[in-house]
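User: Please guide me through the fold shown here, one question at a time.
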Amino acid sequence: PAKKPNKAITIIAIVVAALVVLGVIGSVAENAFMSTDQKIEAWIDDSGRSHANSYDNDLLDCEIFARNDSLVFSYQYKTDLIDEKATGEMLQKSLNNYSSTYKNTYDTLKRDVPGAKSVIIEYLNKNGKVIASKEYK
């Protein structure tokens, strides 16, 4: 004769299955009510917040955050620049040269957060004025 499953094990299995389903449904429901910026912030926490911490140095601070449905990498100089205009032009040229790298970042973000509009890289002087910036879509 076939052995009947233990009722306690069956009940535990049903409860565990229900918790898994509720957990999945809960996270899907929670995600449905999040703004795109909130989803990008969650993506940053999963993917790249450590980049900002590893990039901080004596010359630049780095912040990564969501703004207006875009992922923003904001690098701010800690000291006054000797030639702000020349530095801005050099940085702008660099941003143009690395377009494929940042475009790949956008493609990954867009795959994970479909509402994301772009990736923005910006460099700011010590006072917070943008000296170079580029948006990748």
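The questions and answers below concern a predicted model.

User: In what order do the strands of the open sheet stand?
Analyst: The open sheet has 4 strands, and their pairing is mixed. β1 (60-67) and β4 stand at the edges with a single partner strand each, so one side of each has no neighbour in the sheet. Neighbouring strands are turned by 15 degrees against each other on average, direction ignored. The order is β1-β2-β3-β4.

User: Which residue in β2 stands opposite Ala 66?
Analyst: β1 and β2 run antiparallel and are joined by 8 bridges. The residue in β2 opposite Ala 66 is Leu 71.

User: How far does helix α4 reach from its first C-alpha to its last?
Analyst: Helix α4 covers residues 84-97, which is 14 residues. At 1.5 Å a residue, a span of 20 Å is expected, and the helix comes close to that value. Its reach is 20 Å.

User: Why do the buried residues of α4 line one face of the helix?
Analyst: The buried residues are Thr 87, Gly 88, Leu 91 and Leu 95. Seen down the axis of α4, they line one face because they fall within an arc of 100 degrees.

User: Which exposed residues does the face of α4 turned away from its buried side carry?
Analyst: The buried residues of α4 pack against β2 (70-77), α5 (99-112), β3 (118-124) and β4 (130-136). The face turned away from the buried side carries the exposed residues Lys 85, Lys 93 and Asn 97.

User: At about what angle does α5 run to β3?
Analyst: α4 lies across β2, β3 and β4, running at about 15 degrees to β4. α5 also lies across β2, β3 and β4. The angle of α5 to β3 is about 130 degrees.

Methods
Residues are numbered from 1 along each chain as its sequence is written. This is a predicted model: local features need pLDDT of at least 70, side-chain atom pairs count only at pLDDT 80 or more; totals for chains, interfaces and linings use all residues. Side-chain values use heavy atoms; hydrogens and water are left out. Helices (H or I, at least four residues) and strands (E, at least two) are DSSP runs, numbered from the N terminus. The expected span of a helix is 1.5 Å times one less than its number of residues. Buried means under 20% relative accessible area, exposed over 50%, partly exposed in between (1.4 Å probe, protein chains only). The arc is that of the directions from the helix axis to the C-beta atoms. Contact means heavy atoms within 4.5 Å. Two strands pair if DSSP finds at least two bridges between them. Axes are lines fitted to C-alpha atoms, for helices over the stretch in contact, and angles run from 0 to 180 degrees between N-to-C directions.
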